[in-house]
Amino acid sequence: MPFPELNLSLGLTDNDGSVFYAGSGEGKVIVRTDSALKKHSINIIISEQQIGSVYLKTHFEGAEIPAEIEVPTYQMIVTDDKTNEKEIYKVTRDTFFYKQQTKKKGLWSFFGLKFLAPKNFLFENIPFEPLKEEMETYDISRYRKLNKDELTYSFQKDEQNIQIFAGDINTLKVEKGISYFVIVDEKKGQRFIGDILYREKFLKLMPSVKLHIIKRKQVSKEMETDKKGRTDRLIYI
């Protein structure tokens with residue numbers, strides 16, 4: 001168990017009433033006894049800036065439904081208030097669930113041959129956005145779960161359930177009622193896990209973890225894809 005980090009400072013005294021007085025009117029270097037524990041914070045900032053996309057499995061066995069769908073990713077910054085080192089990651093902000101099958105209107109529909117119309121698939125989004133401010137802060141220090149391959153932070157606020165997930169994105173089993181922020185990197189979440197463990201070790205005390213989410217100007221309500229999971233259109237609210 002690591003020892004707590006102390007805020008210690010140096011001082012001088014020539015007060016003969018002090019227990020640190022050495023005599024002859026000479027000041028001696030002393031260590032203050034009113035030291036205090038200092039607890040650091042790791043800060044995770046999820047921005048509104050879209051920087052790419054990633055394919056996620058849908059976990060549906062039906063042959064008609066796409067095996068994976070393309071989901072937008074956003075910039076995420078991780079830092080702490082001691083080292084001030086910054087790392088940039090990509091993270092998803094949307095959780096899509098299959099809603100229904102649709103058919104495109106086109107030439108075949110015009111001729112009454114609707115059975116030949118291309119089939120599309122409609123997915124409903126469960127987004128997580130700040131409810132009051134343009135940026136809101138959430139304390140997730142008590143909800144860390146770590147094993148060898150995965151790290152998750154989970155919490156609830158104002159009846160909103162959220163989970164930050166780092167690991168193999170295609171092993172994540174999504175559930176209704178939970179909004180997922182999935183961290184995407186080339187090492188299946190291991191870069192983020194290593195980053196968090198490094199900061200925790202360097203900061204000594206188990207740090208608090210604060211999540212800052214910036215509200216997006218537009219949020220996709222639904223997504224329509226083709227059979228291969230390619231995004232046809234996003235419907236915004």
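Buried means under 20% relative accessible area, exposed over 50%, and partly exposed in between. The exercises below use this cut-off on a predicted model.

**Exercise 1.** Decide whether Asp80 is buried or exposed, and then find which parts of the chain its salt bridge with Arg199 ties together.

*Solution.* Begin with accessibility: Asp80 has a relative accessibility of 2% and therefore counts as buried. Its partner Arg199, with a relative accessible area of 1%, is buried as well. Next, consider the contact itself, in which the side chains of Arg199 and Asp80 meet in a salt bridge at 2.6 Å, N to O. Since Arg199 belongs to helix α2 (residues 190–203) and Asp80 to strand β4 (residues 68–80), the pair ties together parts that are 119 residues apart in sequence.

**Exercise 2.** Work out which secondary-structure elements are tied together by the pair Lys99 and Glu222, and classify the accessibility of each residue.

*Solution.* First, the side chains of Lys99 and Glu222 form a salt bridge, with an N to O distance of 2.6 Å. Lys99 sits in strand β6 (residues 96–103) and Glu222 in strand β14 (residues 220–225), so this pair ties together parts 123 residues apart in sequence. Finally, Lys99 has a relative accessible area of 41% and is partly exposed, whereas Glu222, at 11%, is buried.

**Exercise 3.** State how many salt bridges the structure holds, and name the residues that are linked in a network of them.

*Solution.* The count for the structure is 10 salt bridges. The network of salt bridges links Arg93, Asp94, Glu129 and Arg216.

Definitions and conventions:
Residues are numbered from 1 along each chain as its sequence is written. This is a predicted model: local features need pLDDT of at least 70, side-chain atom pairs count only at pLDDT 80 or more; totals for chains, interfaces and linings use all residues. Side-chain values use heavy atoms; hydrogens and water are left out. A salt bridge is a side-chain nitrogen of Lys or Arg within 4 Å of a carboxyl oxygen of Asp or Glu. Helices (H or I, at least four residues) and strands (E, at least two) are DSSP runs, numbered from the N terminus. Buried means under 20% relative accessible area, exposed over 50%, partly exposed in between (1.4 Å probe, protein chains only).
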